[in-house]
Amino acid sequence: MALNIFGKSSWATKVTSLLVSSEYNQYDSTDYLGAPGQNEWVIAEEDGNVRESIAIQFLSDDNFHTLFKGSDDLIGVTYGKGLVVGPGSLIRPNTTIGNQVYIGANCVIDINCTIGNNVTINDGVIIQSGAVIDEGTNILSGSIIS
């Protein structure tokens, strides 16, 4: 299945590096209307509020792909549209994740966490059991959140 990737910035490389080049095509606000309509979208922007704006302004009638390269299978996890999870990340059960959330590589999200919409969690982050991450938060690589 081919994906439409919205975003061409250098940060979009973090998302496209999770895919084989034949699995996606990249677009932005200048050419997204030429994208195949049957393909699902992934928004490849670092800022969660920008991801939300793109989802509303340009892609409101389109379907979003859950791009999951993590170590588990999301059983027992509730998640919204546009989730991207990098390699080696573990998301434990009873966690709730909002829309347009990016979780980098080698992260651990422990049980009973709540992650709001438009959150960016960079690589190597540990979020301990029961933590609540507010909407629009950007967590720096290597952080430990309790």
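This is a short walk through one predicted model, covering its strands, one helix, its salt bridges, two loop residues and its largest pocket.

I'll start at the N-terminal end, with β1. Four of its residues are buried: L3 and I5 point one way from the strand, and N4 and F6 point the other way. So what does β1 pair with? One partner is β2, which runs parallel to β1 and is joined to it by four bridges. In that pairing, I5 stands opposite Q26 of β2. Another partner is β3, again parallel and again with four bridges to β1. There, L3 stands opposite E40 of β3.

Next, the sheet further along the chain. Four strands make an open sheet with parallel pairing, in the order β5-β8-β11-β14. Which strands stand at its edges? They are β5, residues 78-79, and β14, residues 132-133; each has a single partner strand, so one side of each has no neighbour in the sheet. The partner of β5 is β8, and two bridges join these parallel strands. If you want one pair to look at on the screen, take T78, whose bridge partner in β8 is T96.

Now helix α2, which spans residues 48-57. Its buried residues are G48, R51, I54 and A55. Note that an arginine, R51, is among them. These buried residues cover an arc of only 120° around the axis, so they sit on the same side of α2. As a reminder, an α-helix has 3.6 residues a turn, so residues three or four places apart point the same way. On the face turned away from the buried side you find I56 and Q57, both exposed.

On to the salt bridges. The structure holds three. The background is simple: side chains of opposite charge can pair when their charged atoms come close.

Take D31 and K8, whose side chains meet at 2.8 Å, N to O. These two residues are 23 apart in the chain, with D31 in the loop between β2 and β3, and K8 in the loop between β1 and α1. How accessible are they? D31 has a relative accessible area of 26%, so it counts as partly exposed. K8 is partly exposed too, at 43%.

Then there is K14 with D123, where the closest N and O atoms are 3.5 Å apart. This pair links distant parts of the chain: K14 belongs to helix α1, D123 to the loop between β12 and β13, and 109 residues separate them. K14 is partly exposed, with a relative accessible area of 27%. D123, at 29%, is also partly exposed.

The remaining pair is R92 and D110, at 3.1 Å from N to O. Both partners are in loops, R92 between β7 and β8, and D110 between β10 and β11, 18 residues apart. R92 is partly exposed at 34% relative accessibility, and D110 is partly exposed at 22%. For D110, keep in mind that buried means under 20%, so its value falls on the partly exposed side of the cut-off.

Those two loops come up again when we turn to backbone angles. Most residues other than glycine have a negative phi. Which way does N94 go, positive or negative? Its phi is positive, near 65°. N94 lies in the loop between β7 and β8, and at 54% relative accessibility it counts as exposed. N112 also has a positive phi, of about 60°, although it is not a glycine. Its place is the loop between β10 and β11, and with 38% relative accessibility N112 is partly exposed.

Last, the largest pocket. How much space lies in it? About 190 Å³. The residues lining this pocket are E52, A55, I56, L59, S60, D62, F64, K81, N99, Q100, N117 and N118. By class, that lining has four nonpolar, five polar and three charged residues.

Two of the names on that list take us back to helix α2. A55, which lines the pocket, is one of the buried residues of α2. I56, also in the lining, is one of the exposed residues on the face of α2 turned away from its buried side.

How values were computed. Residues numbered from 1 in each chain as written. Predicted model: local features only at pLDDT ≥ 70, side-chain atom pairs only at ≥ 80, totals over all residues. Heavy atoms only, no water. 1 Å grid on protein atoms, 1.4 Å probe; cavity = no way out; pocket = protein on both sides within 12 Å on 5 of 7 lines; lining within 4 Å. Points joined across faces, edges and corners; volume = space filled by probe spheres on them. Nonpolar A, V, L, I, M, F, W, Y, C, P; charged D, E, K, R; others polar. Salt bridge = Lys/Arg side-chain N within 4 Å of Asp/Glu carboxyl O. Buried < 20%, exposed > 50% of the residue type's maximum accessible area, 1.4 Å probe, protein only. Pairing = 2+ DSSP bridges. Arc of directions from axis to C-beta.
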